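Q: I would like to learn how to read a predicted model feature by feature, beginning with empty space and moving on to charges and contacts. Could we take the structure below as the case?

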Amino acid sequence: MRIIFVFMMLLSLKSVSVLAQQSSNSNNRNAFPMSTRRFGIGFYAGINDPFSSLGKVSDIGPSFMLSGSFKISGKWQVAIGAGGVFYYGKSLVYMHSKNVFDTIYTKSYTVTWTAYTYIPVIFKYNLNNSIQLMAGIRWLGVSGIFGTGSYGIYSPAQKDSFIFKSNLIPGLPKGSNFEDIQGLAGLELAFNKHFSESLMANFGFIPIYPNNLSNIISPLIGNYNNSIELGLNYTITP
């Protein structure tokens, strides 16, 4: 999957270079209709790869979005939508415990990845009839936490007295941030009237695990939601 991801990135950049060279010799007969869209409804599906773990195939997660676009001038469009994105590589281990009559009740959690719902506002500039530059911002809210958890009872006065009780669905520890604001930048390459490919980078401003978290066992990994996304768009125009 990593090889496919890198290959698609290189293919995108190569295609942009070729199309940019050909744009000066193109005419209206060969132009894609991207620059003529007034309204559009689009669906985006792609893969999301965190900057913090670019070497790990297991940290690549899906991303998707439904959006509407509006042409505000001859060169500019704005798109607003809603979607979801998954960030893997969010390793965090923490515990909750309390002592009652020399018996310790312990809950242990390991968080491995998080899911977000997001709402973006993206501005697009028509570089030519088939290439658009993109820049914008999106709000993210945590919609799911994934990993493992356990609950048990332990008596320090008795050796090997731990009693495993049950599996628990993990959550974020107290003090974590449940929302993020991201800036994004990238480009979109049109193949035909309906299909296009996009490559964009996302930069999170709010870390999910602040430095002041307490009772943390493992190192903090992937504090910020920074990533690169590659995906396909399908647009319906009136």
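A: We can begin with the interior of this predicted model, where the largest cavity holds about 230 Å³ of space. The general idea is that rolling a probe the size of a water molecule over the atoms shows where empty space is left. Applied to the whole structure, the search finds 1 cavity of 30 Å³ or more.

Q: Which residues are the closest to the centre of the largest cavity?
A: They are Met65, Ser67, Lys124, Glu188 and Asn233, and they belong to a lining of 21 residues. Two or more lining residues come from each of the elements β1 (39-50), β2 (61-71), β3 (76-100), β4 (103-126), β5 (131-154), β8 (195-204) and β9 (227-236). Of the elements, β1 gives the most to this lining, with 5 residues.

Q: How many of the residues in the lining of the largest cavity are nonpolar, polar and charged?
A: The lining divides into 8 nonpolar, 10 polar and 3 charged residues.

Q: How many salt bridges does the count come to?
A: The general idea is that side chains of opposite charge can pair when their charged atoms come close. By the distance rule, which asks for a side-chain nitrogen of Lys or Arg within 4 Å of a carboxyl oxygen of Asp or Glu, the count here comes to 2 salt bridges. In one of them the side chains of Glu188 and Lys124 meet, at 2.9 Å from N to O. Glu188 lies in strand β7 (residues 179-190) and Lys124 in strand β4, so this pair ties together parts of the chain that are 64 residues apart in sequence.

Q: Are Glu188 and Lys124 buried or exposed?
A: The cut-off needed here is that a residue counts as buried under 20% relative accessible area. Glu188 is buried because its relative accessibility is 2%, and Lys124, at 13%, also counts as buried. Glu188 and Lys124 are also among the residues closest to the centre of the largest cavity, which connects the reading of the charges with that of the empty space.

Q: Which side chains meet in the other salt bridge?
A: Those of Glu229 and Arg138 do, with an N to O distance of 2.9 Å. Glu229 sits in strand β9 and Arg138 in strand β5, and the pair links distant parts of the chain, 91 residues apart. Glu229 is buried, with a relative accessible area of 0%, and Arg138 is buried as well, with 2%.

Q: What is the nearest side chain of opposite charge to Lys90, and how many Å away is it?
A: That side chain is Asp180, at 7.3 Å, and Lys90 has no salt bridge although it is buried. Lys90 lies in strand β3, and, once residues up to four places away in sequence are set aside, Lys90 touches a list of residues including Trp113, Ile208, Tyr209, Ile221 and Tyr224.

Q: How should I read the overall arrangement of the chain?
A: One starts with the elements and then asks which parts of the sequence meet. The chain has 1 helix and 9 strands, in the order α-β-β-β-β-β-β-β-β-β along the sequence. Buried residues make up 44% of its 238 residues. Among contacts between residues at least 6 apart in sequence, 69% join residues at least 24 apart.

Q: Where does Val142 lie, and which residues does Val142 touch?
A: Val142 lies in strand β5 and is partly exposed, with a relative accessible area of 21%. Leaving out residues up to four places away in sequence, Val142 touches Ala115, Tyr116, Leu172, Asn177 and Phe178. Val142 and Ala115 are 27 residues apart in sequence, while their C-alpha atoms are 6.0 Å apart in space.

Q: Where is Gly204, and which residues is Gly204 in contact with?
A: Gly204 lies in strand β8 and is buried, with a relative accessible area of 9%. Beyond its neighbours within four places in sequence, Gly204 is in contact with Asp180, Ile181, Gln182, Tyr224, Asn225 and Asn226. Asp180 is also the nearest side chain of opposite charge to Lys90, and Tyr224 and Asn225 are among the residues that Lys90 touches.

Terms used
Residues are numbered from 1 along each chain as its sequence is written. This is a predicted model: local features need pLDDT of at least 70, side-chain atom pairs count only at pLDDT 80 or more; totals for chains, interfaces and linings use all residues. Side-chain values use heavy atoms; hydrogens and water are left out. On a 1 Å grid over the protein atoms alone, a cavity is a set of points where a 1.4 Å probe fits but cannot get out, and a pocket is an open set with protein on both sides within 12 Å along at least five of seven lines; lining residues have an atom within 4 Å of a point. Grid points are joined across faces, edges and corners, and a volume is the space filled by probe spheres set on the points. Helices (H or I, at least four residues) and strands (E, at least two) are DSSP runs, numbered from the N terminus. Ala, Val, Leu, Ile, Met, Phe, Trp, Tyr, Cys and Pro count as nonpolar, Asp, Glu, Lys and Arg as charged, and the others, Gly among them, as polar. Buried means under 20% relative accessible area, exposed over 50%, partly exposed in between (1.4 Å probe, protein chains only). Lys and Arg count as positive and Asp and Glu as negative; His and the chain ends are not counted. Contact means heavy atoms within 4.5 Å.
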